[in-house]
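Please look over the sequence and the model that are shown here, and then work through the questions below them.

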Amino acid sequence: MLKYIYLILLLGNIMQADFTSLSASAVQQEINEGTVLIDIRRKDEWDYYGIIEGSHKLTFFDETGEYDFNKWMEEFIKIVKNKDQKFILICAHANRTKTVGHFLAAELSYKNVYELHGGINYGWLDKGLKTVK
């Protein structure tokens with residue numbers, strides 16, 4: 001619970017960070033250019049809906065809303081090698097990506113943070129685009 005309060009308090013400052021939502025077609029273009037995709041949903045969500053092909057699976061919040069930021073960052077920096085590298089965060093509805101993305105941009109100074117607008121459910125699957133399991 002304390003972790004949620006901390007994140008909520010940060011949102012006032014974070015909302016001013018450089019963070020961009022991309023449409024499905026823009027994400028498709030970024031995929032063609034080799035941009036890294038990081039799917040922060042849970043395993044049960046990947047299993048049920050699939051992932052965008054080539055996405056890195058890196059759960060942020062567990063099923064109870066808890067997270068281990070240090071552990072997550074250890075894996076994240078293996079994928080995103082520097083703060084200038086472009087990457088796109090993906091979750092179910094683009095709620096979790098907003099929290100994580102804004103934090104990475106505002107608090108950790110990542111420069112090229114993007115998310116899939118509407119998440120996998122309302123920004124990809126509902127457009128008839130495919131996922132893999």
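The questions and answers that follow deal with the sheet, the cores and the charged pairs.

This is a predicted model, in which local features need pLDDT of at least 70 and side-chain atom pairs count only at pLDDT 80 or more, while totals for chains, interfaces and linings use all residues. Residues are numbered from 1 along each chain as its sequence is written, and side-chain values use heavy atoms, with hydrogens and water left out.

Q: In what order do the five strands lie in the open sheet?
A: Strands here are DSSP runs of E with at least two residues, helices are runs of H or I with at least four, and both are numbered from the N terminus. Two strands pair if DSSP finds at least two bridges between them. The pairing in this sheet is parallel, and its edge strands, each of which pairs on one side only, are strand 1 (20-22) and strand 3 (56-57). The order is 1-5-4-2-3.

Q: Which residue of strand 3 stands opposite I38?
A: Strand 2 (residues 36-39) is joined by four bridges to strand 4 (residues 87-90), where V36 stands opposite F87 and I38 stands opposite L89. Two bridges join strand 2 to strand 3, and these two strands also run parallel. The residue opposite I38 in strand 3 is H56.

Q: At about what angle to strand 4 does helix 5 run?
A: Axes are lines fitted to C-alpha atoms, for helices over the stretch in contact, and angles run from 0 to 180 degrees between N-to-C directions. Helix 5 (residues 96-106) lies across strand 1, strand 4 and strand 5 (113-116). The angle to strand 4 is about 150°.

Q: Which element gives the most residues to the largest nonpolar core?
A: A nonpolar core is a set of buried Ala, Val, Leu, Ile, Met, Phe, Trp, Tyr and Cys residues joined through side-chain atoms within 4.5 Å, where buried means under 20% relative accessible area, exposed over 50% and partly exposed in between (1.4 Å probe, protein chains only). Of the 21 residues in the largest core, I38, W72, F76, F87 and L104 touch the most other members. The elements that give two or more residues are strand 2, helix 4 (69-79), strand 4 and helix 5. With four residues, the one that gives the most is helix 4.

Q: Is S55 buried or exposed?
A: S55 is found in the loop between helix 3 (43-49) and strand 3, and its contacts (heavy atoms within 4.5 Å) include L37, D39 and I90, not counting residues up to four places away in sequence. Its side chain also reaches the backbone oxygen of I52 at 2.8 Å. Because its relative accessibility is 11%, S55 counts as buried.

Q: How many residues apart in sequence are the parts that the pair E45 and R96 ties together?
A: A salt bridge is a side-chain nitrogen of Lys or Arg within 4 Å of a carboxyl oxygen of Asp or Glu, and the side chains of E45 and R96 meet in one at 2.7 Å, N to O. Both E45 and R96 are buried, and salt bridges that share partners join R42, D44, E45 and R96 into one network. Since E45 lies in helix 3 and R96 in helix 5, the pair ties together parts whose separation in sequence is 51 residues.

Conventions: Polar contact = N/O pair within 3.5 Å; in protein donor to acceptor, adjacent residues only side chain to side chain.
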